[in-house]
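Student: I should like to go through this structure and ask, term by term, what each description rests on.
Tutor: Please do; each answer will set a value beside its definition.

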Amino acid sequence: MYFTEEPEHIGMLRETLSRFVAAEMPKSLVREWDRAHTFPPELFRKLAALGVCGLTIDEAYGGQGRDLVAAVAVIEEVCRGGACLAGPFIHCAFYGGINISENGSEEQKRDLLPRLAQGELLFAYGLSEPEVGGDLANVATTAERSADGKSLRINGFKRWCTGADWADTIYCLVRSGPEQDRYKNLSFVMIPPTTPGVRVHPIEHSNLRYTLSSDVIFEDVEVPIENIVGGEAGWNRGWNMLAGKALDVEKIEISAVTFGIAQSAVEEAWEYAGQRKQFGKLIGAHQAVRHDLAEARTKLEACRLMLYRAAWLAQTDQPCSVETSMAKLFVADTAVEIGLVCQRVLGAYGLAEGHDMERHMRDLLGMPIVGGSSNMQKNNIANRLGLAMQDR
Ligand SMILES: Cc1cc2nc3c(=O)[nH]c(=O)nc-3n(C[C@H](O)[C@H](O)[C@H](O)COP(=O)(O)OP(=O)(O)OC[C@H]3O[C@@H](n4cnc5c(N)ncnc54)[C@H](O)[C@@H]3O)c2cc1C
């Protein structure tokens with residue numbers, strides 16, 4: 001099985017990324033980017049130049065060959081420096097690369113995948129709406145076909161659309177058929193945010209501040225019919241696309257971000273406990289602190305196993321809806337526990353600007369919510385494993 005020993009190429013990839021993070025992402029700058037709600041776009045171009053964006057794309061379409069486990073390792077390694085760079089990597093390699101590979105028409109694959117593999121295109125996810133969080137089949141944003149069949153008219157409101165301000169396109173879940181067919185009337189449409197009628201309004205939020213998450217309003221937005229994901233065959237097949245690989249992979253990529261941040265938190269607390277003295281000895285020599293950190297390391301290792309097993313199942317095309325939900329649930333909830341312990345180890349400095357811990361904690365607190373809340377994962381696990389809802 002995969003995680004008995006890490007493949008050599010992934011070890012080499014980690015070394016390259018670790019050097020990249022050390023050279024390009026000094027801690028003081030990452031803190032500044034977080035404060036300024038931004039990060040330099042050229043940083044992503046430098047990451048893309050390492051060839052990592054093609055890790056989710058077949059060689060036939062210009063990628064490196066699909067290697068989800070390696071792509072997860074990329075997220076983990078960059079998040080150890082700061083989650084900022086994982087954002088655009090996910091928007092390119094996962095939201096773009098995976099979704100178009102899985103669901104795109106042949107024309108879309110030929111057109112988009114080579115550019116995604118080069119890191120030249122970024123996709124934002126337009127799923128959530130003001131009235132729609134976990135219940136995605138309830139989206140109210142509509143797409144209507146024009147009388148001549150050549151274009152679509154989009155009206156509606158997306159919320160929390162991360163990267164809508166800089167993405168090339170919004171990969172948007174829309175209602176495309178009659179109301180009553182809840183799961184059979186949804187489609188994905190690619191909507192460039194520069195299209196007339198699209199308005200983007202950033203939302204203030206405390207976690208993952210390096211990118212803006214925005215409200216996006218569509219008012220009589222017209223896009224060509226070619227922008228239906230999957231082409232004509234994709235019309236009203238949005239739910240199948242979402243419930244297939246897309247959702248499994250989203251749970252994995254969010255878990256990888258979470259794991260990378262939790263690792264950083266443990267590293268910072270570990271180092272601090274080996275430097276700070278109170279009562280005449282290192283705080284790491286006080287048994288309570290020592291045990292807390294040993295426990296945090298143990299939990300981290302459990303997270304690693306859950307995450308990479310789920311990624312390996314997805315990579316080898318095995319059914320993994322339960323395992324990806326278990327990984328998302330466990331890693332997100334455990335990472336919050338780990339973060340709180342690590343923050344306590346830093347005492348007051350765990351809450352202060354100028355230390356990374358306060359950012360790690362803000363970022364970690366959102367993880368049991370984003371990309372499908374912990375409750376939604378529990379529902380999925382119980383449903384998929386057939387737990388009875390009523391007497392038989
Ligand atoms: C920083 C950030 C970035 C984001 N980026 C994106 C993005 O790029 N694209 C995008 O589409 N969305 C994005 N989101 C939205 C995110 O995916 C949603 O917040 C998430 O899906 C949960 O939806 P909600 O917050 O509306 O919660 P709700 O679904 O309203 O849930 C609220 C609470 O009720 C619980 N709950 C709801 N239904 C059930 C149930 N059936 N059983 C048990 N408990 C239930 C939930 O667990 C939760 O605790 C982002 C959010 C944040 C904070």
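Student: What makes domain 2 and domain 3 count as being in contact?
Tutor: In this predicted model, 13 residues of domain 2 touch eleven residues of domain 3. Contact requires heavy atoms within 4.5 Å, so the term applies to these residues.

Student: Where do the two domains lie along the chain?
Tutor: Domain 2 covers 125-236 and domain 3 covers 240-384, while domain 1 covers 2-121. The centres of domain 2 and domain 3, taken over C-alpha atoms, are 31 Å apart.

Student: How much area do domain 2 and domain 3 bury between them?
Tutor: The value is about 1,000 Å², with 65% of it on carbon and sulfur atoms. On the domain 2 side, Tyr125, Asn207 and Leu208 lose the most area to domain 3, together 40% of what that side buries. Buried area is summed over both parts, so the value of about 1,000 Å² includes what each domain loses.

Student: Why is the ligand said to lie between domains?
Tutor: Domain 2 and domain 3 both contribute residues to the shell around the ligand, so the ligand lies between them.

Student: Which residues of that shell come nearest to the ligand?
Tutor: Of 18 residues, these are Ser128, Gly134, Trp160, Thr162 and Ser373. The shell comprises six nonpolar, twelve polar and no charged residues.

Student: What makes the approach of Gly134 to the ligand a polar contact?
Tutor: A polar backbone atom of Gly134 is 2.8 Å from an oxygen atom of the ligand. The cut-off is 3.5 Å between N or O atoms, so this pair qualifies. A backbone N or O atom of Gly371 is 3.3 Å from a ligand oxygen atom, and a polar side-chain atom of Asn379 is 3.1 Å from a ligand nitrogen atom.

Student: How much of the ligand does the protein bury?
Tutor: The protein buries 64% of the 980 Å² that the ligand exposes when taken alone. Strand S3 (151-162) and helix H11 (374-384) each give two or more residues to the shell, and H11 gives the most, with three.

Key:
Residues numbered from 1 in each chain as written. Predicted model: local features only at pLDDT ≥ 70, side-chain atom pairs only at ≥ 80, totals over all residues. Heavy atoms only, no water. Near = heavy atom within 4 Å. Polar contact = N/O pair within 3.5 Å; in protein donor to acceptor, adjacent residues only side chain to side chain. Areas by Shrake-Rupley, 256 points an atom, 1.4 Å probe, with all protein chains shown as cover. Helix = DSSP H or I, 4+ residues; strand = E, 2+ residues; numbered from the N terminus. Nonpolar A, V, L, I, M, F, W, Y, C, P; charged D, E, K, R; others polar. Domains from an automatic or database assignment. Buried area = accessible area lost by both parts, 1.4 Å probe.
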